[in-house]
Amino acid sequence: MLRRQRRSRWDVRLAPYLFVSPFFVVFAVVGLFPLLYTGWLSLHEWDRTQYSRGGFVGLENFRWVLDDPVFLKSLVNTLSIFVMSSVPQIVVAVGVAALLDSQLRGRTLWRISVLLPFVVAPTAAVLIFGSLFADRSGVINELLGAVGLEPIRWHVERWWSHAAIASMVNWRWTGYNALILLAAMQAVPRDVYESAALDGASRLRQLVHITLPMIRPTVIFVIVTSTIGGLQIFTEPRLFDDTPQREGGANHQYMTMTLYVYVKGIEDQFYGRASAAAWLLFLFIITLAVANYALTRWFTRRRSM
Amino acid sequence: MTRRPGPLVYGLLAAFVVGSALPLYWSFVIGSHTKERALETPPPILPGGHFLANASRVLDTIEFWQALLNSLVVSTLCATSVVVFSTLAGYSFAKLRFRGRDGLMAFVIMTMAVPTQLAIVPLFILMRDYRMLDTLFAVALPTLVTAFGVFFMRQYLLEAVPFELVEAARMDGCSMLRTFWTVAVPAARPAMAILFLFTFMQVWTDYMWPLVALQKTETLQIALDRLALTGQGQTTDYALVLAGTAMATVPLLLLFVLSGRQLVAGIMQGALKG
């Protein structure tokens, strides 16, 4: 009996730690160690011909990356693709969510249907869209020709290539975000709309003046998560490319920051420079996520007054 | 909103759904025509009769079945591991009292903000130095646990398991592990299913990390990448590339048909609690 009690006391003390320990053990290997090691690598020379870790060079790798015109280009590209993908995506997602937030017949089926593109892998999406946006004889260019417009060289022109890449991201994520927004919209009490309707407010006015201010935290959540995701875009620019190097087009016209880290670190094996670039990307993501958070808060607050 | 929606609402929604489905439809249409017909203008708009011919060209070009099996193994391994460890940790954080609990939980939440890009170079070096490159284990390793999983299960179990039930099991002389097994696991089952689905899809569709970790071995996404490279030439072989794309999409489409309802519920629940 006594033995059993003693065992039980140790059980109560130790079990919680044992239960959480698998997470922390694996995380130490695949999360914490890489984080610290990237920090170390970014401050050291890496001799890729000798395969040896070199001496401490301070911020030299950061200086090199920031002086690299390709890095700066990839930074602008990342930002441009992000803006083209997040803004229309969130606007359309709010619209779709508002449409879904009604007494639809076959409600569940509609909700499932808008999620269809989400189960298509990004690799598959980019191969499909790559053919739709083909420079010669692609369907989109055929359609442009049919209405009398000049064909666009989607894989060559810098800003048009961003639009093509952004369209794949939008395609895959709009329905997903619409469902998140829908969940928040359903929590808005229905009688608020009834009194607004009595006052003669149209559906659009109700959406802008009642729904959006009330689901503000969710809108912020969607914007911040799409910022973090959108700035890490890799698969689309990598596979959209039809040049053999696959470094974001012949002139890096759609190379993104994550692609830059991959090319420098894994293909070219400049570990120090790639690590410095990865840290800069991290800083960039945090800055933009915080800025977006602040902006959205400020913007929606003014709206609701 | 309360009123019954009019035809305009149905029309707009239908337009959105059709627009969403068109790219997939396109891959099946082009994938079922000959290479030459796929390049003609105007392009075909109805499926043709060459899908099987294209599919056999795909099977000649890439190790499709092997890649499919590899993806299945890696995704199942990661999803199982994430569900088991997240449920254990989530239960501990939600229902047990121990020193340092809140600090550890805050740490878990903070790690969600760290992007994977930050880790690819050191993980690549680690895998190379320990001769793990080109193994399926290397592909699975970074996703054996996720901070999101722990957070998700904790949020769910906070409400799903009453403290009284945990106390009662303890009074009956259950060990901590037995309490977990008899009280927490049954209550956590719906959330476990959703977490399994999402982790499975996340690993299945991932492209960047397998690209770093693998050399000759291929997951489905890497095989698709190689198919696209083969299909490039003077004139891209869209019939081949899109037939392969369609074939690679079928497994997740099946999953979507079988568990679309759970996916929707998972996204909408996550939104409410996140």
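**Exercise 1. Determine where helix α1 of chain B bends, and how its length compares with the expected span.**

Solution. Begin with the axis: in this predicted model, α1(B) bends by about 35° at Leu22(B), the bend being the angle between axes fitted to the seven residues ending at a residue and the seven starting there. A proline, Pro23(B), follows within four residues of that position. Helices here are DSSP runs of H or I with at least four residues, numbered from the N terminus. Next, take the length: α1 of chain B covers residues 7–30, and its 24 residues should span 34 Å at 1.5 Å a residue, because the expected span is 1.5 Å times one less than the number of residues. The end C-alpha atoms are 33 Å apart, which agrees. Finally, consider burial, where a residue is buried if 20 or more other C-beta atoms, placed from the backbone, lie within 10 Å of its own, exposed if 12 or fewer, and partly exposed in between. Among the buried residues of α1(B) are Phe16(B), Ser20(B), Pro23(B), Leu24(B) and Ser27(B).

Residues are numbered from 1 along each chain as its sequence is written, and chains are lettered from A in the order in which they are written. Local features need pLDDT of at least 70 and side-chain atom pairs count only at pLDDT 80 or more, whereas totals for chains, interfaces and linings use all residues.

**Exercise 2. Describe the side of chain A that touches chain B.**

Solution. First, count the partners: 79 residues of chain A are in contact with 78 residues of chain B, contact requiring C-beta atoms, placed from the backbone, within 7 Å. Then find the main contributor, which is helix α1 (residues 2–42) of chain A, giving 19 residues to this side. By class, the side has 55 nonpolar, 16 polar and eight charged residues, where Ala, Val, Leu, Ile, Met, Phe, Trp, Tyr, Cys and Pro count as nonpolar, Asp, Glu, Lys and Arg as charged, and the others, Gly among them, as polar.

**Exercise 3. Locate Arg246(A) and Asp134(B), and state the sign of phi for each.**

Solution. Start from the expectation that most residues other than glycine have a negative phi. Arg246(A), although not a glycine, has a positive phi of about 55°; this residue is in the loop between α11 (235–240) and α12 (257–267) of chain A, and is partly exposed, with 19 other C-beta atoms within 10 Å. Asp134(B) likewise has a positive phi, of about 70°, and is found in the loop between α6 (117–129) and α7 (136–140) of chain B. With 14 other C-beta atoms within 10 Å, Asp134(B) is partly exposed.

Notes
Two residues are in contact if their C-beta atoms, placed from the backbone, lie within 7 Å. Helices (H or I, at least four residues) and strands (E, at least two) are DSSP runs, numbered from the N terminus.
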